[in-house]
Amino acid sequence: MLERFELEAFLTLSEELHFSRTAARLRVTPGRISQTIKKLERQVGSPLFERTSRHVALTDLGQRLRDDLLPGYRQIELAVETATALGRGIHGVLRVGFTAAWSGNLILRATDRFRARHPGCTVELREVTYRAFRESLLCGEIDLTLAETGLVEDDPGFVIGPTVFSRPRVLAVPAGHPLAARDSVSVEDLASAPLILPEGIPEVVLDAHFPRHTPAGRPIPRGPIAAGWQEMLSLIGAGRGVTLTCDWATDYYARPDVAFIPFDDAGPVDQALIRSAARDTVAIRIFTDIVLAQAGTDAGS
(Lines give C-alpha, C1' and ligand atoms only; values in the text may rest on other atoms or scores of the structure.)
Protein backbone atom coordinates (compact mmCIF):
# COMPACT_ATOMS: atom_id res chain seq x y z
CA MET A 1 0.00 0.00 0.00
CA LEU A 2 1.43 3.37 -1.01
CA GLU A 3 1.88 6.01 1.64
CA ARG A 4 0.93 9.55 0.68
CA PHE A 5 4.52 10.81 0.50
CA GLU A 6 5.56 7.86 -1.66
CA LEU A 7 2.73 8.68 -4.04
CA GLU A 8 3.61 12.38 -4.16
CA ALA A 9 7.32 11.68 -4.59
CA PHE A 10 6.75 9.23 -7.43
CA LEU A 11 4.28 11.43 -9.33
CA THR A 12 6.34 14.59 -8.88
CA LEU A 13 9.54 12.87 -10.03
CA SER A 14 7.69 11.39 -13.01
CA GLU A 15 6.78 14.97 -13.98
CA GLU A 16 10.07 16.72 -13.19
CA LEU A 17 12.48 13.85 -14.08
CA HIS A 18 14.96 15.60 -11.82
CA PHE A 19 15.66 14.68 -8.17
CA SER A 20 16.68 18.15 -6.99
CA ARG A 21 13.63 19.88 -8.53
CA THR A 22 11.37 17.19 -7.12
CA ALA A 23 12.89 17.66 -3.67
CA ALA A 24 12.48 21.44 -3.89
CA ARG A 25 8.79 21.11 -4.80
CA LEU A 26 8.15 18.73 -1.90
CA ARG A 27 10.44 20.66 0.49
CA VAL A 28 12.65 17.73 1.39
CA THR A 29 16.22 16.70 0.52
CA PRO A 30 17.11 14.94 -2.75
CA GLY A 31 18.39 12.08 -0.62
CA ARG A 32 14.95 11.49 0.84
CA ILE A 33 13.42 11.43 -2.63
CA SER A 34 16.01 8.88 -3.74
CA GLN A 35 15.38 6.69 -0.67
CA THR A 36 11.63 6.87 -1.17
CA ILE A 37 11.82 5.85 -4.84
CA LYS A 38 14.18 2.96 -4.02
CA LYS A 39 11.76 1.75 -1.33
CA LEU A 40 8.88 1.93 -3.81
CA GLU A 41 10.89 0.03 -6.43
CA ARG A 42 11.65 -2.72 -3.90
CA GLN A 43 7.94 -2.90 -3.14
CA VAL A 44 6.90 -3.35 -6.80
CA GLY A 45 9.91 -5.55 -7.57
CA SER A 46 11.29 -3.66 -10.56
CA PRO A 47 12.87 -0.28 -11.45
CA LEU A 48 10.45 2.59 -12.09
CA PHE A 49 13.09 5.05 -13.34
CA GLU A 50 16.20 4.81 -15.46
CA ARG A 51 18.74 7.16 -13.90
CA THR A 52 22.29 8.25 -14.50
CA SER A 53 24.22 11.30 -13.35
CA ARG A 54 22.76 13.28 -16.27
CA HIS A 55 19.50 11.58 -17.08
CA VAL A 56 16.27 10.45 -15.39
CA ALA A 57 13.49 8.73 -17.33
CA LEU A 58 10.52 6.52 -16.57
CA THR A 59 10.74 2.84 -17.40
CA ASP A 60 7.82 1.18 -19.16
CA LEU A 61 6.59 -0.04 -15.77
CA GLY A 62 7.02 3.45 -14.32
CA GLN A 63 4.94 4.95 -17.15
CA ARG A 64 2.20 2.38 -16.55
CA LEU A 65 2.16 3.09 -12.81
CA ARG A 66 2.06 6.86 -13.41
CA ASP A 67 -0.81 6.58 -15.89
CA ASP A 68 -2.78 4.38 -13.50
CA LEU A 69 -2.18 6.55 -10.42
CA LEU A 70 -2.49 10.07 -11.81
CA PRO A 71 -6.27 10.29 -12.48
CA GLY A 72 -7.15 9.02 -9.01
CA TYR A 73 -4.60 11.26 -7.34
CA ARG A 74 -5.93 14.34 -9.13
CA GLN A 75 -9.47 13.38 -8.15
CA ILE A 76 -8.40 13.15 -4.50
CA GLU A 77 -6.68 16.54 -4.73
CA LEU A 78 -9.76 18.11 -6.27
CA ALA A 79 -12.01 16.59 -3.60
CA VAL A 80 -9.84 18.07 -0.85
CA GLU A 81 -9.69 21.44 -2.62
CA THR A 82 -13.47 21.44 -3.03
CA ALA A 83 -14.10 20.61 0.62
CA THR A 84 -11.63 23.31 1.69
CA ALA A 85 -13.20 25.89 -0.62
CA LEU A 86 -16.68 25.09 0.59
CA GLY A 87 -15.53 25.28 4.21
CA ARG A 88 -13.59 28.52 3.89
CA GLY A 89 -15.50 30.08 1.01
CA ILE A 90 -14.55 30.47 -2.65
CA HIS A 91 -12.71 33.67 -3.54
CA GLY A 92 -11.37 35.33 -6.65
CA VAL A 93 -12.98 35.89 -10.04
CA LEU A 94 -14.83 33.41 -12.26
CA ARG A 95 -15.27 34.55 -15.86
CA VAL A 96 -18.11 32.91 -17.76
CA GLY A 97 -19.04 33.33 -21.42
CA PHE A 98 -22.10 32.51 -23.53
CA THR A 99 -22.75 32.61 -27.28
CA ALA A 100 -26.54 32.97 -27.55
CA ALA A 101 -29.35 34.77 -25.71
CA TRP A 102 -30.95 31.58 -24.38
CA SER A 103 -27.58 30.55 -22.92
CA GLY A 104 -27.13 33.98 -21.36
CA ASN A 105 -30.45 33.87 -19.53
CA LEU A 106 -29.61 30.50 -17.98
CA ILE A 107 -26.11 31.67 -17.01
CA LEU A 108 -27.55 34.80 -15.36
CA ARG A 109 -29.92 32.77 -13.19
CA ALA A 110 -27.14 30.35 -12.25
CA THR A 111 -24.87 33.29 -11.40
CA ASP A 112 -27.41 34.65 -8.93
CA ARG A 113 -27.50 31.30 -7.14
CA PHE A 114 -23.70 31.01 -7.17
CA ARG A 115 -23.21 34.51 -5.75
CA ALA A 116 -25.73 33.85 -2.98
CA ARG A 117 -23.78 30.79 -1.89
CA HIS A 118 -20.27 32.14 -2.49
CA PRO A 119 -20.30 35.92 -2.02
CA GLY A 120 -16.50 36.03 -1.86
CA CYS A 121 -16.19 35.01 -5.52
CA THR A 122 -16.95 37.56 -8.25
CA VAL A 123 -18.58 36.26 -11.44
CA GLU A 124 -17.96 38.21 -14.63
CA LEU A 125 -20.24 37.46 -17.59
CA ARG A 126 -19.41 38.03 -21.23
CA GLU A 127 -21.27 37.42 -24.47
CA VAL A 128 -18.70 36.10 -26.92
CA THR A 129 -18.56 35.40 -30.65
CA TYR A 130 -17.80 31.99 -32.11
CA ARG A 131 -14.11 32.77 -32.65
CA ALA A 132 -13.67 34.78 -29.47
CA PHE A 133 -14.94 32.11 -27.10
CA ARG A 134 -12.43 29.57 -28.40
CA GLU A 135 -9.51 31.97 -28.21
CA SER A 136 -10.63 33.38 -24.85
CA LEU A 137 -10.80 29.94 -23.28
CA LEU A 138 -7.39 28.91 -24.56
CA CYS A 139 -5.64 32.11 -23.45
CA GLY A 140 -7.38 32.22 -20.05
CA GLU A 141 -9.50 35.34 -20.60
CA ILE A 142 -12.60 33.34 -19.67
CA ASP A 143 -12.84 30.18 -17.56
CA LEU A 144 -16.02 28.57 -18.83
CA THR A 145 -18.47 29.00 -21.71
CA LEU A 146 -21.93 27.67 -22.49
CA ALA A 147 -21.90 26.99 -26.23
CA GLU A 148 -22.91 24.53 -28.92
CA THR A 149 -20.81 21.38 -28.63
CA GLY A 150 -20.31 21.16 -32.38
CA LEU A 151 -18.12 24.28 -32.36
CA VAL A 152 -15.26 22.53 -30.51
CA GLU A 153 -15.97 18.82 -30.97
CA ASP A 154 -12.91 16.55 -31.22
CA ASP A 155 -10.54 19.37 -30.26
CA PRO A 156 -8.17 18.12 -27.50
CA GLY A 157 -7.65 21.67 -26.28
CA PHE A 158 -11.13 21.73 -24.77
CA VAL A 159 -13.16 19.72 -22.28
CA ILE A 160 -16.79 19.46 -23.39
CA GLY A 161 -19.56 18.70 -20.98
CA PRO A 162 -21.68 18.10 -19.29
CA THR A 163 -24.46 18.79 -21.80
CA VAL A 164 -26.83 21.37 -20.35
CA PHE A 165 -29.69 21.11 -22.85
CA SER A 166 -30.61 19.53 -26.16
CA ARG A 167 -33.07 21.30 -28.47
CA PRO A 168 -34.71 20.49 -31.84
CA ARG A 169 -32.79 21.79 -34.84
CA VAL A 170 -34.33 24.38 -37.16
CA LEU A 171 -33.31 26.13 -40.35
CA ALA A 172 -33.18 29.94 -40.35
CA VAL A 173 -34.11 31.26 -43.81
CA PRO A 174 -34.98 34.63 -45.39
CA ALA A 175 -38.68 35.40 -44.91
CA GLY A 176 -39.15 35.54 -48.69
CA HIS A 177 -37.42 32.23 -49.42
CA PRO A 178 -39.62 29.37 -50.77
CA LEU A 179 -38.66 27.23 -47.76
CA ALA A 180 -40.21 29.82 -45.44
CA ALA A 181 -43.68 28.68 -46.49
CA ARG A 182 -43.00 25.06 -45.52
CA ASP A 183 -44.11 23.39 -42.29
CA SER A 184 -40.81 21.50 -42.11
CA VAL A 185 -37.58 20.97 -44.05
CA SER A 186 -35.15 18.09 -44.56
CA VAL A 187 -31.37 17.95 -44.75
CA GLU A 188 -31.76 17.55 -48.52
CA ASP A 189 -33.21 21.09 -48.63
CA LEU A 190 -29.80 22.48 -47.62
CA ALA A 191 -28.77 22.14 -51.25
CA SER A 192 -31.20 24.92 -52.20
CA ALA A 193 -29.41 27.89 -50.57
CA PRO A 194 -25.93 28.98 -49.42
CA LEU A 195 -25.16 27.91 -45.84
CA ILE A 196 -23.92 30.77 -43.65
CA LEU A 197 -21.08 29.58 -41.40
CA PRO A 198 -19.64 30.75 -38.06
CA GLU A 199 -16.29 32.51 -38.19
CA GLY A 200 -13.13 31.09 -36.67
CA ILE A 201 -14.14 27.43 -36.53
CA PRO A 202 -11.66 24.79 -37.81
CA GLU A 203 -12.57 23.23 -41.14
CA VAL A 204 -12.78 19.73 -39.67
CA VAL A 205 -15.45 20.93 -37.21
CA LEU A 206 -17.36 22.84 -39.89
CA ASP A 207 -17.41 19.81 -42.18
CA ALA A 208 -18.79 17.62 -39.38
CA HIS A 209 -21.61 19.96 -38.36
CA PHE A 210 -22.20 22.10 -41.43
CA PRO A 211 -22.13 19.41 -44.15
CA ARG A 212 -20.83 19.96 -47.66
CA HIS A 213 -23.22 17.40 -49.18
CA THR A 214 -26.74 16.18 -48.48
CA PRO A 215 -27.35 12.48 -47.68
CA ALA A 216 -28.14 11.98 -51.39
CA GLY A 217 -24.80 13.52 -52.38
CA ARG A 218 -26.03 16.92 -53.59
CA PRO A 219 -23.53 19.73 -52.88
CA ILE A 220 -24.48 22.26 -50.20
CA PRO A 221 -23.18 25.68 -51.26
CA ARG A 222 -21.04 27.61 -48.77
CA GLY A 223 -22.27 31.12 -47.98
CA PRO A 224 -20.84 34.11 -46.10
CA ILE A 225 -18.98 33.86 -42.76
CA ALA A 226 -20.51 35.50 -39.67
CA ALA A 227 -18.72 36.44 -36.44
CA GLY A 228 -21.81 36.21 -34.23
CA TRP A 229 -25.56 35.81 -34.07
CA GLN A 230 -26.61 39.33 -34.96
CA GLU A 231 -24.38 39.40 -38.02
CA MET A 232 -25.68 35.99 -39.08
CA LEU A 233 -29.31 37.09 -38.76
CA SER A 234 -28.63 40.24 -40.77
CA LEU A 235 -27.09 38.17 -43.57
CA ILE A 236 -30.08 35.83 -43.57
CA GLY A 237 -32.56 38.71 -43.57
CA ALA A 238 -30.74 40.23 -46.54
CA GLY A 239 -31.18 37.00 -48.49
CA ARG A 240 -27.51 36.01 -48.42
CA GLY A 241 -28.13 32.46 -47.19
CA VAL A 242 -29.52 30.19 -44.47
CA THR A 243 -28.11 28.60 -41.32
CA LEU A 244 -28.72 25.89 -38.74
CA THR A 245 -29.79 26.67 -35.20
CA CYS A 246 -32.13 25.43 -32.47
CA ASP A 247 -35.84 26.10 -31.94
CA TRP A 248 -35.24 28.63 -29.15
CA ALA A 249 -34.01 31.06 -31.81
CA THR A 250 -37.66 31.47 -32.80
CA ASP A 251 -38.41 33.12 -29.46
CA TYR A 252 -35.13 34.89 -28.75
CA TYR A 253 -34.30 36.20 -32.23
CA ALA A 254 -37.69 36.75 -33.87
CA ARG A 255 -37.55 39.35 -36.65
CA PRO A 256 -39.77 40.02 -39.67
CA ASP A 257 -37.14 39.20 -42.30
CA VAL A 258 -36.17 35.76 -40.93
CA ALA A 259 -38.23 32.54 -40.64
CA PHE A 260 -37.33 29.47 -38.57
CA ILE A 261 -38.47 26.13 -40.03
CA PRO A 262 -38.13 22.83 -38.08
CA PHE A 263 -36.26 19.87 -39.54
CA ASP A 264 -38.01 16.53 -39.82
CA ASP A 265 -34.79 14.49 -40.16
CA ALA A 266 -31.93 16.32 -38.39
CA GLY A 267 -30.57 15.63 -34.92
CA PRO A 268 -30.87 18.10 -32.02
CA VAL A 269 -28.59 20.97 -31.09
CA ASP A 270 -26.65 20.24 -27.90
CA GLN A 271 -25.23 23.01 -25.73
CA ALA A 272 -22.68 22.22 -23.06
CA LEU A 273 -20.33 23.91 -20.65
CA ILE A 274 -16.89 24.06 -22.25
CA ARG A 275 -13.54 24.87 -20.66
CA SER A 276 -9.89 24.71 -21.60
CA ALA A 277 -8.34 21.31 -20.96
CA ALA A 278 -5.57 23.13 -19.09
CA ARG A 279 -7.92 24.73 -16.57
CA ASP A 280 -9.97 22.94 -13.92
CA THR A 281 -10.79 24.76 -10.67
CA VAL A 282 -13.12 24.29 -7.74
CA ALA A 283 -15.10 27.37 -8.76
CA ILE A 284 -15.60 25.95 -12.27
CA ARG A 285 -16.79 22.63 -10.84
CA ILE A 286 -19.24 24.23 -8.42
CA PHE A 287 -20.57 26.69 -11.01
CA THR A 288 -21.09 23.78 -13.41
CA ASP A 289 -23.19 21.94 -10.82
CA ILE A 290 -25.30 25.05 -10.24
CA VAL A 291 -25.89 25.56 -13.99
CA LEU A 292 -27.07 21.96 -14.31
CA ALA A 293 -29.39 22.35 -11.34
CA GLN A 294 -30.76 25.62 -12.72
CA ALA A 295 -31.33 24.04 -16.15
CA GLY A 296 -33.29 21.27 -14.46
CA THR A 297 -35.36 23.81 -12.55
CA ASP A 298 -36.08 25.76 -15.74
CA ALA A 299 -37.10 22.59 -17.59
CA GLY A 300 -39.56 21.67 -14.85
CA SER A 301 -41.12 25.11 -14.55
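The exercises below work through the sheets, pockets and cavity of a predicted model.

Local features need pLDDT of at least 70, side-chain atom pairs count only at pLDDT 80 or more, and totals for chains, interfaces and linings use all residues. Residues are numbered from 1 along each chain as its sequence is written, and side-chain values use heavy atoms, with hydrogens and water left out.

**Exercise 1. Confidence**

Task: State the mean pLDDT of the protein, and find where confidence is lowest and highest.

Solution:
- Step 1. pLDDT is the predictor's confidence in each residue, from 0 to 100.
- Step 2. Its mean over the protein is 89, and 96% of the residues reach 70 or more.
- Step 3. Elements are DSSP runs numbered from the N terminus: helices are H or I with at least four residues, strands are E with at least two.
- Step 4. Confidence is lowest in helix α7 (residues 203-209), with a mean of 77, and highest in β11, at 97.

**Exercise 2. The sheet of five strands**

Task: Give the strand order of the five-stranded sheet, then describe its edges and the helix packed on it.

Solution:
- Step 1. Strands of a sheet pair through backbone hydrogen bonds, either parallel or antiparallel. Here two strands count as paired if DSSP finds at least two bridges between them.
- Step 2. The order is β4-β3-β5-β12-β6, in an open sheet with mixed pairing.
- Step 3. The edges are β4 (121-127) and β6 (158-167); each has a single partner strand, so one side of each lacks a neighbour in the sheet.
- Step 4. From one strand to the next the twist averages 20°. Axes are lines fitted to C-alpha atoms, for helices over the stretch in contact, and angles run from 0 to 180 degrees between N-to-C directions.
- Step 5. Strand β3 (residues 92-98) runs parallel to β4, joined to it by seven bridges. F98 has E127 of β4 as its bridge partner.
- Step 6. Helix α5 (residues 101-117) packs on this sheet and touches β3, β4, β5 (144-148), β6 and β12, its direction making about 175° with that of β4. Contact means heavy atoms within 4.5 Å.

**Exercise 3. The sheet of three strands**

Task: Describe the sheet that β7 forms with β10 and β11, and name the helix that packs on it.

Solution:
- Step 1. The open sheet has the order β10-β7-β11, with antiparallel pairing.
- Step 2. Its edge strands, β10 (243-246) and β11 (258-262), each pair on one side only.
- Step 3. Neighbouring strands are turned by 40° against each other on average, direction ignored.
- Step 4. Four bridges link β7 (residues 169-174) with β10 in the antiparallel sense, and R169 stands opposite C246 in β10.
- Step 5. Helix α8 (residues 229-237) packs on the sheet and touches β7, β10 and β11; its direction makes about 95° with that of β11.

**Exercise 4. Two pockets**

Task: Give the volume and lining of the largest and the second largest pocket.

Solution:
- Step 1. On a 1 Å grid over the protein atoms alone, a pocket is an open set of points with protein on both sides within 12 Å along at least five of seven lines, whereas a cavity is a set where a 1.4 Å probe fits but cannot get out; lining residues have an atom within 4 Å of a point. Grid points are joined across faces, edges and corners, and a volume is the space filled by probe spheres set on the points.
- Step 2. The largest pocket holds about 440 Å³. Its lining has 15 residues, with E8, L11, Y73, R74 and E77 nearest the centre.
- Step 3. Helices α1 (4-16) and α4 (60-88) each supply at least two residues of that lining.
- Step 4. The second largest pocket holds about 330 Å³. Twelve residues line it, and R74, R275, A277, D280 and R285 are the closest to its centre.
- Step 5. The largest share of this second lining, six residues, comes from α4.
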